[in-house]
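Student: Could you take me through one part of this model in close detail? I would like to follow a single strand and see what surrounds it.

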Amino acid sequence: MIQLHNVSLAYQQDASALNNVNLSIGKGEFVFLTGSSGAGKTSLLRLLYGALTPNRGEVLIDGQNISHLSASQIPLLRRTIGVVFQDFKLLQNRTVFENVAITLEVLGWGRADIGKKTMHILKQMGIESKYNLSPQRLSGGEQQRVALARALVNDPKILLADEPTGNLDDANKNQILTIFKEANIRGTTVVVATHDRRLIEQSHKRLITLFKGEIVEQVEKQTASDDQTF
Amino acid sequence: MNKWKSKQPVTIKPFRRPSLAGDGYGGRALFFLSRAITNIRQNVFVNVVTIGTITLALLIVSLFLLIFVNLENAAENWSERVQVTVYFDRELTPQDQTSFRGKISALSGVSRVSYVSRDEALKRFKSRLRGQETLLEGVRPEVLPTSLEITLKRTHRDTVTVESFVTTLKRIPGITEVQYGEEWVRRFNSFLNFMRLVGALLGGFLIIAVIFIVSNTIKLTIYSRRDELEVMSLVGATRFFIKAPFLLEGLIQGLAGAMISTLLLFGFFEGFLQNAGSFITFNPTTSGLSFLPGEYIAGILLAGAVLGFIGSLTSLKRFISV
């Protein structure tokens with residue numbers, strides 16, 4: 001599903017964010033990316049949703065080389081990818097419902113179908129009663145669930161998450177992790193960048209460790225039986 | 001498109017728009033319009049600031065236009081005084097009058113020819129010396145010349161044209177003495193040209209300032225909503241999809257600003273200017289100013305719409321990097 005071949009990325013001439021990265025993530029996999037700040041986790045994710053283009057090497061998503069997409073092709077790529085961030089990136093002047101519906105509006109859905117599908121995903125996230133509130137009035141965990149609803153409402157092939165639990169307490173972390181796993185079970189490839197050791201350890205998934213822009217360690221999924229618990 | 005297709009069945013085909021209710025170009029246009037109106041309602045403060053700025057900016061420009069148009073009208077009135085007079089030392093017979101009139105009217109640029117007989121000339125002389133009629137005691141009409149007064153068309157009142165007209169006039173047999181107040185015509189025309197130059201310069205500066213202020217205000221309001229642009233781009237909106245509501249919003253803001261400024265100008269005009277304008281025209285018969293003609297108002301509305309649209313377009317270009 002996701003393949004990186006000899007990918008290098010530098011923001012400026014001297015400082016390289018990623019250095020000769022080779023990586024392959026299969027369809028339906030659940031992967032954690034970890035490493036200290038500045039290791040290149042965010043840069044790697046940004047490459048995957050077309051916000052950055054590599055200086056060298058190739059990035060393939062579903063067999064398609066996205067290293068040199070034109071400006072008009074990038075939106076098409078992003079419709080197949082859901083992205084969530086540590087700071088949620090919700091629009092404060094719109095309601096929870098509107099924040100989630102944006103994804104379907106962009107796809108050109110009709111009003112009635114947007115209503116049904118949006119309420120359905122809000123129910124899955126357990127926040128359907130808050131649909132008419134501004135995100136400002138929700139807790140951090142609820143806001144992240146709104147962001148996840150927005151990312152997952154069109155059943156994307158890939159879900160990318162950049163420090164999704166950075167602002168959350170343990171109870172909320174577990175809820176968010178559960179949502180990731182459920183999306184993964186439905187067939188979405190999930191890539192989570194985090195330096196939250198506890199989150200990684202309790203989920204027993206494939207782990208990729210980055211250090212100074214290079215992959216220094218890869219640990220395969222520890223026990224297959226873990227997946228059955230969800 | 002197909003190269004993106006996943007081999008596994010996916011519930012929603014990612015980038016082909018499903019043909020559901022409200023689809024088609026009409027549905028799209030309606031969606032963008034309702035999105036723009038919702039945006040205005042959700043960002044009231046920002047919109048009030050933008051519309052207010054456009055209103056004030058266009059009010060200044062239209063006030064300037066109002067003054068300029070009225071000065072032009074006044075100049076039009078003054079230029080009626082550009083008159084060429086042919087003097088004769090004898091009373092013209094009706095046949096002579098007709099023949100001269102015919103010859104003169106045949107020249108280009110002539111709008112009116114009128115004959116001033118000796119009696120008429122004396123009458124005018126007397127009315128000019130009102131209160132001192134005694135000075136004219138013993139003056140008989142015979143000492144005054146008769147004349148043909150020629151009024152020129154508006155387009156033929158500038159110095160060069162008047163001079164060449166007089167030269168042609170003098171070629172008509174029987175016409176020897178021609179007066180046309182050379183100095184006055186020259187001064188009047190150079191004043192007019194000066195006024196137009198100053199007007200164009202001031203107007204030009206004003207318009208540049210207005211474009212600058214309005215485009216920067218719009219830039220700031222769009223900057224304040226850059227998270228919206230970012231989120232739209234993240235969920236896979238095309239540039240057009242992101243821009244269209246903002247452009248419509250700009251168009252609505254510009255039109256609203258232009259309408260409000262025209263209404264304010266009209267109120268201001270009705271309240272203060274209309275009856276206070278005789279000092280500009282110096283002409284008691286055309287007391288008062290006139291409001292902007294219809295095509296100017298249409299121009300201001302159009303300018304508002306264009307200002308809002310282009311302002312949004314150029315600002316969006318800066319913030320949408322995909």
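Tutor: Happy to! A term to settle beforehand: a nonpolar core is a set of buried Ala, Val, Leu, Ile, Met, Phe, Trp, Tyr and Cys residues joined through C-beta atoms within 7 Å. A residue counts as buried if 20 or more other C-beta atoms lie within 10 Å of its own. Please keep in mind that this is a predicted model.

Let us look at strand β3 of chain A, residues 30-34. Five of its five residues are buried, so β3(A) is largely enclosed by the rest of the structure. In a regular strand, side chains alternate between the two faces of the sheet. For β3(A), both faces are covered: one side has Phe30(A), Phe32(A) and Thr34(A), the other has Val31(A) and Leu33(A), and all of these are buried.

Now for the sheet around it. β3(A) belongs to an open sheet of six strands with mixed pairing, in the order β6-β7-β8-β3-β9-β10 of chain A. The edges are β6 (81-85) and β10 (214-219) of chain A, each pairing on one side only. From one strand to the next, the twist averages 15°.

On one flank, β3(A) pairs with β8(A) in the parallel sense over four bridges, and Phe30(A) stands opposite Val190(A) there. With β9 (residues 206-211) of chain A, β3(A) also pairs in the parallel sense over four bridges; here Phe32(A) has Leu207(A) as its bridge partner. Stepping outward from β8(A), residues 189-193, we reach β7(A), residues 158-162, and these two strands pair in the parallel sense over five bridges. Within that pairing, Leu160(A) is the bridge partner of Val191(A).

Leu33(A) and Leu160(A) meet us again in the largest nonpolar core: of its 71 residues, they, Leu48(A) and Ala149(A) touch the most other members. Helix α3 (residues 96-107) of chain A gives the most to this core, with seven residues. Leaving aside residues up to four places away in sequence, Ala149(A) touches Val100(A), Ile121(A), Leu122(A) and Met125(A). Helix α5 of chain A, residues 140-152, lies across β6 and β7 of chain A and runs at about 165° to β6(A).

How confident is the predictor in chain A? The average pLDDT is 89, and 95% of the residues score at least 70. Among the elements of chain A, β8(A) has the highest mean, 96, and helix α7 (residues 197-203) the lowest, 85. Residues 224-230 of chain A call for more caution in reading: pLDDT stays under 50 there.

How values were computed. Residues numbered from 1 in each chain as written. Chains lettered and ligands numbered in written order. Predicted model: local features only at pLDDT ≥ 70, side-chain atom pairs only at ≥ 80, totals over all residues. Pairing = 2+ DSSP bridges. Axes fitted to C-alpha atoms, helices over the stretch in contact; angles between N-to-C directions. Contact = placed C-beta atoms within 7 Å. pLDDT = per-residue confidence, 0-100. Buried ≥ 20, exposed ≤ 12 C-beta atoms within 10 Å, placed from the backbone.
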